[in-house]
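Biologist: I am new to this one. Please take me through one part of it closely, and then set that part beside the rest.

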Amino acid sequence: MQKKRRLRSFNISLATTAVIIILWSTVTSLKLISPVLLPSPLRVGQTFINLCLVGYNGTLLYQHYLITLGRLLVAVVLAIVIGIPLGLLSGYVPTVKAVVDPIVQFIRPIPPLAYYTLLILWLGIGETSKVTLLFLAALPPIYLACFDAVVKINREYIRGASSLGADQRQIFFHVVFPAALPDVFTGVRSAVGVAYTTIVSAEMFAASAGIGWMIVDASHYLKSDVMFVGIIVLGVTGVVLDWMIKLVENRVVHWRGKF
Amino acid sequence: MSLLTIENVDFKYAGSCDPSLKNINLNLESNSLNVVIGPSGIGKTTLLNLIAGYDHPSTGQIKMAGKAIDQPDWQRGMVFQDMALFPWLTVADNILFGPKMRHLNDPEIQDRLARLLAQTGLTDYRDAAIYELSGGLKQRVALAREFINRPPILMLDESFSALDNATRSDMHDILLNLWETTQNCVIAITHDIDEALFLGQNIIVINQHPGTIVSVEANPYFKKDISDLSGEPAYGAFRRRLLGLIGKPKNR
């Protein structure tokens, strides 16, 4: 029954995509919008192949792609490695919260571009400033998800564990951490999303490669077909990344929604 | 010396003007099955929280084997109404949680696990996920998780109240069977007078406001089938007397 429902949902999504492409083709073939503003799907396809074989600015599309993905993954992994323990500990140990929370709460609402130029001044125009920008964008969602997860943990889990003989350290690792895992995954998904939306900003300045840079550079020369390829590549990658995280989540947090 | 001694205990929640419990005095022995009854909100769970070490008396003291209770530990187990089983662990891993935390990995623990699984009818569910079980089976896991630790004091906070009558009756039998093998001191909270009469060697009645122990009754009908007793005048009188003691909280 559930499989049938999932298949139906997939078919609807497929049909929606097909309708969008048909509409797009119709609008461009009837020349209702200038090809400079909206290239045809065929043109975008040809540009995609061209970018794969010839490249953009001397760099092949997959190389741009790997550079962007590398920056994103390094930043997100750093945010996961630092944000998860920091968020969990902040929720569990009031002193840690008192130290860390104001800093994260301060960073959280600031648009990353506001401090990007400062990061470039401090860290240079290389990879460090770009990865740091993405890291700072990805950290708050993970931290907050973990913090909230600990705060809302069923108090009886902790009381029950202590009455079974667990000490504070054991409760943290054997109860708090697994109980928080469903929300940790939600935080990771949000963090990947936020980092992803920041990637174009990160590659906007002082870069010469990367999908974000390619989009920005192509916009200077009104190469909308290249921009479309970049946007589609980013969009598809975002969907695939989210799907992969969900896949891992379903395996690790097998009890989610069932208890 | 009693296993558990409660002396002149008052308890007031932080920020509250009125105490929740006042002048609680109680002595409980090991190998005893004690049921606490009383109206809702009278402080029964608060009393268990104090014994467990989750909260601390405002005045007076609670001692276990002569030693003041200052924090929770495995020697005072607790079965909650919603069981608080860990959904990320299997049935066996939930039961083995206590021994694992206490670094007990000897073969004796595996023997205890096998015996408990058999006694609670969970042998076939050993590797099942918790969320695959019915409410009654989950409650069995919760009991087994405590009994494997063999705590000298085991508390049950309305543990069977959400179960249907047939499942509850099964749970009574399982509890009595486990208790007879471990001979620990069980303190069970219930709202149900019939459950109290069947399960309690001693029935502790809490009433008034703030909550205080108004009576500790030795129960002559412990483990006796109610259907055989319903026509007996002495049983009816005892039951009515308990109902009278529970009554409605005064001055609320």
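Which residue follows H9(A), and is its phi positive or negative?

Modeller: A:Leu222 follows H9(A), and its phi is positive, near 55°. Keep in mind that this is a predicted model. Now step back into the helix itself.

H9 of chain A covers residues 211-220. Is it enclosed or open? Of its 10 residues, 8 are buried, so the rest of the structure largely encloses this helix. Buried here means a relative accessible area under 20%. The buried set begins with A:Ile211, A:Gly212, A:Trp213 and A:Met214. It goes on with A:Ile215, A:Val216, A:Asp217 and A:Ala218. An acidic residue, A:Asp217, is thus on the buried list too.

What covers them? Four helices of chain A pack against the buried residues of H9(A). They are H2 (41-53), H3 (61-92), H8 (168-202) and H10 (224-252).

Next, the setting of the helix. Chain A is divided into domain 1, residues 1-32, and domain 2, residues 43-252. The residues of H9(A), 211-220, fall within the bounds of domain 2. The C-alpha centres of the two domains of chain A lie 29 Å apart.

Now turn to chain B. Chain B has 9 helices and 10 strands. Its radius of gyration is 18 Å, close to the 18 Å that the globule rule gives for 252 residues, so chain B is as compact as a globular protein of that length. Its C-alpha trace spans about 50 × 45 × 35 Å along the principal axes. Of its residues, 54% count as buried.

Contacts in chain B reach far along the sequence. Among those with a separation of 6 or more, 70% join residues 24 or more positions apart.

One residue shows this well. B:Ile187 sits in strand S8 of chain B, residues 185-190. B:Ile187 is buried, with a relative accessible area of 2%. Beyond its neighbours within four places in sequence, its contacts include B:Leu4, B:Leu28, B:Val36 and B:Leu48. B:Ile153, B:Leu154, B:Met155 and B:Leu156 are also among them. B:Glu29 is 158 residues from B:Ile187 in sequence, yet their C-alpha atoms are 11 Å apart in space.

Last, the outside of chain B. The chain exposes about 10,800 Å², and carbon and sulfur atoms supply 47% of that area. It carries 24 positive and 29 negative side chains. The centres of these two sets lie 5 Å apart.

Note on methods
Residues numbered from 1 in each chain as written. Chains lettered and ligands numbered in written order. Predicted model: local features only at pLDDT ≥ 70, side-chain atom pairs only at ≥ 80, totals over all residues. Heavy atoms only, no water. Helix = DSSP H or I, 4+ residues; strand = E, 2+ residues; numbered from the N terminus. Rg over C-alpha atoms; globule rule 2.2 N^0.38 Å. Buried < 20%, exposed > 50% of the residue type's maximum accessible area, 1.4 Å probe, protein only. Contact = heavy atoms within 4.5 Å. Areas by Shrake-Rupley, 256 points an atom, 1.4 Å probe, with all protein chains shown as cover. Lys, Arg positive; Asp, Glu negative; His and termini not counted. Charge placed at Lys NZ, Arg CZ, Asp CG, Glu CD. Domains from an automatic or database assignment.
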